[in-house]
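Colleague: I would like a close look at a single part of this model. Please take it step by step.

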Amino acid sequence: MATLTYQAPTTVQDAVRILAGAGGVAKVLAGGTDLLVQLRSGRMKPDLIVDTKKIPGLIGIREVDGGFVIGAATPGAVIGECEPLAKAWPGVVEAANLIGSTQVQGRASLAGNLCNASPAADSVPALIAAKAICVIVGPKGRREAPVESIIIGPGRTSLERDEIVTEFHLPKRPPRSADAYLRFIPRTEMDIAVVGAGISVTLDAGGVCRDARVSLGAVAPTPLLVPEAAAALIGRKLDQAALDALDAAARKACKPIDDKRGTIDYRIKVAGVLARRAAAIAFERAGERR
Amino acid sequence: MSRQHVSAVINGEPVDFLCEPQQTLLDALRDELSLTGSKEGCGSGDCGACSVILDGRLVCSCLMLAVEADGHSVQTIEGLATGNKLHPVQQKFLEHAALQCGFCTPGLLVAAKALLDRNPKPTETEARYWLAGNLCRCTGYDKIIRAVLDAAAEMRGESA
């Protein structure tokens, strides 16, 4: 710890160069609401911290071709205040805003939530349901990857040690599209998900689902994309048969653990319930967008 | 590693200080700048006793490196009163006896000020959710919420 070096480069290229040249443990810093806890508890003993917040574009949201680009280190509070984003992607915004307290919202970012790689990260199922892409920069240049490809296990990502997530892309929405994210916790604030469910749907003019993505959190070692649950919705209105099929598909995808937040059986049951409730909200929101 | 130089604006005054790279903003405020109003309750962002306002946003100073404050503006509990005149939330905390041991109070006052800066007329629910990251083990929160809502009313020029 006594040898920790802090660097705050002002270009992505410099950040990547510093990371690539680092010996020992190097960590990328965005909002720091996970990293600082790990640093102070002694769980993480980095030799180098590279702060990304001075790189232009890493904080901020812009609309591009009808979609959105969210800087990787943009705090949750800024995401919550972006009205066009909240209108287009209410599920992503409500998920990002569920992370921690007001104070944590002042710092916590999507890239941090993703790269901390918790199975229970709230924003990740919503981003996966939204078909979000993250832009990653490394020594070999820039690449794009779907959010669901990043977390490979608790605390582990598919990123190389000298790669940085710089932004998230959310696509342009077709008409009658909406998303929703629900998290179950035993109280109403300041807790970690027992189960999370993110759902994005596109309806046709008759209210029939034409496209859907379903993602579950905290029910497996990584947040899950569940195509079988999406298939339960596509081609249907949200009737009882669709809800039952969704519930069953969501439950079937779960591979949870028993811990102090919930048992395996409980998490599986709640995953089905949250999927149904999130679908109901997403369908209702999409139906209002005629 | 040599100590890092940080230039920030703290409670409206330009301040330069040196810190260790791993030192939190909370530790730098308390140990380098003798601003000991901000408290360390948990050190992990759960309790809010270290709350400060960074560039207009409420944050936990225990979850920031001091070096991250370079070039930014920080408002601490020490900057809440104007001379000898207490900020309305401070005055209302006294009137409502919204504290007991007092350890959480600086953080709650800073958080309440940040709320009222942004939302002059919060509902009780809004105030409770906004302050959910500030833990108090003495009061049961009711007096705190009443004090914040009363301060808001006074700041709007309404007699409570």
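Colleague: Leaving aside its neighbours within four places in sequence, which residues is Ile199(A) in contact with?

Modeller: Keep in mind that this is a predicted model. Leave out the neighbours of Ile199(A) within four places in sequence. Its contacts are then Ala129(A), Asp179(A), Ala180(A), Ala212(A), Val214(A), Ala275(A), Ala278(A), Ala279(A) and Ala282(A).

Now place Ile199(A) in its wider setting. The largest nonpolar core has 152 residues. Ile199(A) is among those with the most contacts inside that core, together with Val195(A) and Ala275(A). Ala275(A) is also one of the contacts of Ile199(A). Helix α11 of chain A, residues 264-287, gives this core its largest share, 9 residues. In soluble globular proteins, nonpolar side chains tend to be buried together.

Burial can also be followed along a helix. Take α1 of chain A, residues 12-20. Here Ala15(A), Val16(A) and Leu19(A) are buried. They lie on the same side of α1(A), because they cover an arc of only 95° around the axis. An α-helix has 3.6 residues a turn, so residues three or four places apart point the same way. What do the buried residues of α1(A) pack against? Their partners are four stretches of chain A: β2 (26-29), β3 (48-51), β6 (133-138) and β10 (164-170).

Chain B offers another kind of packing, between domains. Its domain 1 spans 4-79 and its domain 2 spans 88-155. Between them, 14 residues of domain 1 of chain B are in contact with 11 residues of domain 2. On the domain 1 side, strand β3 of chain B (residues 51-54) supplies the largest share, 3 residues.

Methods. Residues are numbered from 1 along each chain as its sequence is written. Chains are lettered from A and ligands numbered from 1 in the order in which they are written. This is a predicted model: local features need pLDDT of at least 70, side-chain atom pairs count only at pLDDT 80 or more; totals for chains, interfaces and linings use all residues. Domain bounds come from an automatic or database domain assignment. Two residues are in contact if their C-beta atoms, placed from the backbone, lie within 7 Å. Helices (H or I, at least four residues) and strands (E, at least two) are DSSP runs, numbered from the N terminus. A residue is buried if 20 or more other C-beta atoms lie within 10 Å of its own, exposed if 12 or fewer, and partly exposed in between; C-beta atoms are placed from the backbone. The arc is that of the directions from the helix axis to the C-beta atoms. A nonpolar core is a set of buried Ala, Val, Leu, Ile, Met, Phe, Trp, Tyr and Cys residues joined through C-beta atoms within 7 Å.
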